[in-house]
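Got the viewer open and ready? Let's take a short walk through the model, one selection at a time.

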Amino acid sequence: ANGIVRPKGYNVSWHVNPEIEKHHFGNSHPMKPWRLTLSKGLIMSYGMHAAMDTFVTRQATEEEMRDFHTEDYLEYLKTAKVAMPDDDTPMPYNLGGSDCPVFEGLFNYCSMYSGASIDAARKLCNNESDIAINWSGGLHHAKKAEASGFCYANDIVLAILQILRKYPRVLYVDIDVHHGDGVEEAFWSTDRVMTLSIHKYDGLSFFPGTGDLERTGPPDENNPGAHHALNVPLSDGINDEQYIWLFKTLVGKCVERFRPNAIVLQCGADSLAGDRLGRFNVQVQGHGACVAYCKSLKIPLMLVGGGGYTPRNVARAWAHETSIAIGCDQTIDPIIPMHTPYRSHFRHETLFPTLEQILGDPRPNRNTPKKLDDIVQHVTEQLRFVNA
Ligand code: TV7
Ligand code: CA
Ligand code: ZN
């Protein structure tokens, strides 16, 4: 009756844990794990859980996390104490600053979202899932022994390492408004993972400051990683039409040349219009079109979350993308169900508010057609060196 049917012969797994949502970075911090509660409420009010295999996830073990992170760093993450308000002694590993505070239950938070991504990856490897979803993951800035940009453990790297145990090649695509630097760095010197990040880049101040078009892997041609790190630096205000065109063109070319056995798509929702930290004019439809395109390639697909700092828009995007995964996006009612928890948070009562509703006055688009053509040309040239 609600338009939700379990797809026949097609399995979507959803990896969740309500414990993750309860952690707090601090009152003024833009990262709100509570956005996961809002997203889950919307997904469930549509009844979408009936069309997926839902798994309550577990903490990753330390051994699993040591696949990427150092023992010293993990030990520190586990034992770091929440600083007293007047204590400003610097902490190691970039912890304890305003971006990466040490909060109550930090290690539990990290190991939970990592466990969810590892489980999702294993479902793909077992062929038990065609699409595996972890909206609590996608924390792409974490390094092997360093926290960065709200990220402490890199669940994406951990998940890709799992997939590489079974499959030769993984394509990683990152639509978060920030550059996926941690994942890029982790696989910088291998030709088994191709990374493609689309992000805002101004050569300077926008975090993390990397992801320029010219840096496509190690400069040494003999390094297997050469030409396998692709970056799409954009300016403020890109719209759905341009974003979808770029995404399909570039991902299409990557798949054609690299022939990945699996795709990991980081669905950071800070690329949406109206995001508290983002600068783009991408709408829920455009963001979702990226997921739909990846699904259409019929390659095992993992969806993870990432950024997203205007919780109502994050929830809309991830609920819409869940509906695309299970194939009910055309049949559900875009009007948010009456019984949705926190429904009053969704000021415009539809999954697809217009740009005017979101922004009032849309941000000027600084991306010229020539800029986009140059990007596509540059990436195409890099891909000529890739032969899988
Ligand atoms: C994946 N931007 C993560 C994106 C990480 C972005 C940054 C903030 C920020 C932090 C706050 C805060 C903020 C309004 C925004 C150079 C600095 C400038 C801290 C104030 N308000 C993801 C990380 C980025 C923390 N960091 O890709 C507490 O904005 O630009 C920076 C670094 C130094 C630290 N200061 C910001 O989306 C999940 N931080 C309010 C309170
Ligand atoms: Ca990105
Ligand atoms: Zn981001």
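The stops below start at a metal ion and end at a ligand. Keep in mind that you're looking at a predicted model.

**Stop 1: the zinc ion.** Select ligand 3, the zinc ion, and then bring up Asp176, His178 and Asp270, its protein donors. Asp176 and Asp270 each offer OD, while His178 uses ND1, and the distances run from 1.9 to 2.0 Å. Along the chain, the donors follow the spacing D-x1-H-x91-D.

**Stop 2: the two aspartates.** Now colour by secondary structure. Where do Asp176 and Asp270 sit? Asp176 is in the loop between strand 4 (170–174) and helix 7 (181–186), and Asp270 is in the loop between strand 7 (262–266) and helix 9 (284–296), so this pair ties together parts that are 94 residues apart in sequence.

Switch on a surface next. Are these residues buried or exposed? Asp176 is buried, at a relative accessible area of 1%, and Asp270 is buried too, at 0%.

**Stop 3: ligand 1.** Keep Asp270 selected and add ligand 1: Asp270 is among the closest of the 19 residues that surround this ligand, along with Asp99, His140, His141 and Tyr309. The shell splits into 7 nonpolar, 9 polar and 3 charged residues.

**Stop 4: polar contacts.** Try the distance tool here:

- Asp99: a polar side-chain atom lies 2.6 Å from a nitrogen atom of ligand 1.
- His141: a side-chain N or O atom is 2.7 Å from an oxygen atom of ligand 1.
- Tyr309: a side-chain N or O atom is 2.5 Å from an oxygen atom of ligand 1.

Finally, show the surface of ligand 1. On its own it has 800 Å² of accessible area, and the protein covers 66% of that.

Technical notes: Residues numbered from 1 in each chain as written. Chains lettered and ligands numbered in written order. Predicted model: local features only at pLDDT ≥ 70, side-chain atom pairs only at ≥ 80, totals over all residues. Heavy atoms only, no water. Donors = N, O, S within 2.8 Å, 3.2 Å for Na, K, Ca; no water. Helix = DSSP H or I, 4+ residues; strand = E, 2+ residues; numbered from the N terminus. Buried < 20%, exposed > 50% of the residue type's maximum accessible area, 1.4 Å probe, protein only. Near = heavy atom within 4 Å. Polar contact = N/O pair within 3.5 Å; in protein donor to acceptor, adjacent residues only side chain to side chain. Areas by Shrake-Rupley, 256 points an atom, 1.4 Å probe, with all protein chains shown as cover. Nonpolar A, V, L, I, M, F, W, Y, C, P; charged D, E, K, R; others polar.
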